[in-house]
Amino acid sequence: MHLNPYGEYAVRLAADLVNDPPATVDALVRRCLEAGLVIDFPVGAGDLRDVEAMLVRWCGVVDATGDAERAALVNEMLAAASAYPRMTNHAGDGWHLHYRDDQHSLAGVLEALISVGTALHLVGRGMHRLGRCALDECDDVYADTSRNGRQRYCSPRCANRDAVRRHRAVRAV
């Protein structure tokens with residue numbers, strides 16, 4: 001069985017790249033390879049800049065205040081980056097679907113992967129399943145893959161910090 005990289009994995013990669021942006025194109029490539037992407041095409045210096053711009057657009061999806069706005073922004077990304085689905089075994093690791101043309105830049109591949117993954121994540125798990133950390137001093141992005149769909153923090157550390165703060169505030173009264 002070949003895992004579908006367009007779902008949860010894509011939105012987690014996007015959140016990871018937003019929360020800890022790579023400083024160089026080499027760092028970007030390394031992070032993509034660690035996430036399981038097969039990079040069998042040339043990568044250029046402009047890819048880092050293009051990925052940064054794409055992630056700004058993706059953050060617009062994260063920060064959207066309503067379902068219709070969120071859907072419209074995802075649809076814009078899908079229209080810009082995606083192509084008709086096609087079967088491929090380009091890396092010899094099993095047949096799977098690609099939602100992009102074969103000759104894309106790294107930024108183009110990531111935009112297709114992240115836009116399709118975000119769409120699948122939102123329609124499959126719920127339109128509310130992307131957000132920013134609820135801790136006042138943290139603005140990290142999270143993709144809610146929790147069982148109950150009520151994630152509010154980017155990490156257990158931020159959730160614990162906020163719980164301690166609320167507990168101390170109640171005790172101080």
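Contact here means that heavy atoms lie within 4.5 Å of each other, and helices (H or I, at least four residues) and strands (E, at least two) are DSSP runs numbered from the N terminus. The structure is a predicted model, in which local features need pLDDT of at least 70 and side-chain atom pairs count only at pLDDT 80 or more, while totals for chains, interfaces and linings use all residues. Residues are numbered from 1 along each chain as its sequence is written, and side-chain values use heavy atoms, with hydrogens and water left out.

**Exercise 1. Describe the chain as a whole.**

Solution. Begin with the elements: the chain has six helices and four strands, and read along the sequence they follow the pattern α-α-α-α-β-β-α-β-β-α. Next take the extent, for which the C-alpha atoms fill a box of roughly 60 × 35 × 30 Å along the principal axes. Then consider burial, where buried means under 20% relative accessible area, exposed over 50%, and partly exposed in between (1.4 Å probe, protein chains only); buried residues make up 40% of the 173 residues in the chain. Finally, look at contacts between residues at least 6 apart in sequence, of which 50% join residues at least 24 apart.

**Exercise 2. Check the length of α1 against its expected span.**

Solution. The expected span of a helix is 1.5 Å times one less than its number of residues. Helix α1 has twelve residues and should therefore span 16 Å, and the distance between its end C-alpha atoms, 16 Å, agrees with this.

**Exercise 3. Find the buried residues of α1 and α2, and say what covers them.**

Solution. In α1 the buried residues are Ala 10, Val 11, Leu 13, Ala 14, Ala 15, Leu 17 and Val 18, and their cover includes α2, α3, α5 and β4. In α2 the buried residues are Ala 27, Leu 28, Val 29, Arg 31 and Cys 32, and here the cover includes α1, α3 and α5. After α2 comes Gly 36, which has a positive phi, near 100°.

**Exercise 4. Identify the largest nonpolar core and the elements that contribute to it.**

Solution. A nonpolar core is a set of buried Ala, Val, Leu, Ile, Met, Phe, Trp, Tyr and Cys residues joined through side-chain atoms within 4.5 Å. The largest such core has 33 residues, and those with the most contacts inside it are Leu 28, Leu 37, Leu 55, Trp 58, Leu 106 and Leu 110. Two or more residues come from each of α1 (8–19), α2 (25–34), α3 (46–63), α4 (67–81), α5 (106–125) and β4 (141–143). Apart from this core lies another, of five residues, including Cys 133, Leu 135, Tyr 153 and Cys 158. To follow one member of the largest core, take Leu 110: leaving aside its neighbours within four places in sequence, Leu 110 is in contact with Leu 13, Leu 28, Cys 32, Leu 37, Val 51 and Met 54.

**Exercise 5. Decide whether Asp 144 is buried or exposed, and list its contacts.**

Solution. First locate Asp 144, which lies in the loop between β4 and α6 (156–172). Its relative accessibility is 1%, so Asp 144 counts as buried. When neighbours within four places in sequence are left aside, Asp 144 is in contact with His 121, Arg 125, Arg 129, Gly 149, Arg 150 and Gln 151. As for distance, Asp 144 and Val 25 are 119 residues apart along the chain, and their C-alpha atoms are separated by 28 Å.

**Exercise 6. Classify Tyr 84, Gly 92 and Trp 95 by their accessibility.**

Solution. Tyr 84 sits in the loop between α4 and β1, and Tyr 84 is exposed because its relative accessible area is 56%. Gly 92 belongs to the loop between β1 and β2, and with a relative accessibility of 60% Gly 92 counts as exposed. Trp 95 is placed in the loop between β1 (86–88) and β2 (96–98), and its relative accessibility of 56% means that Trp 95 counts as exposed. To place these residues in space, use C-alpha distances: Tyr 84 is 26 Å from Arg 49, Gly 92 is 44 Å from Leu 135, and Trp 95 is 27 Å from Ala 15.
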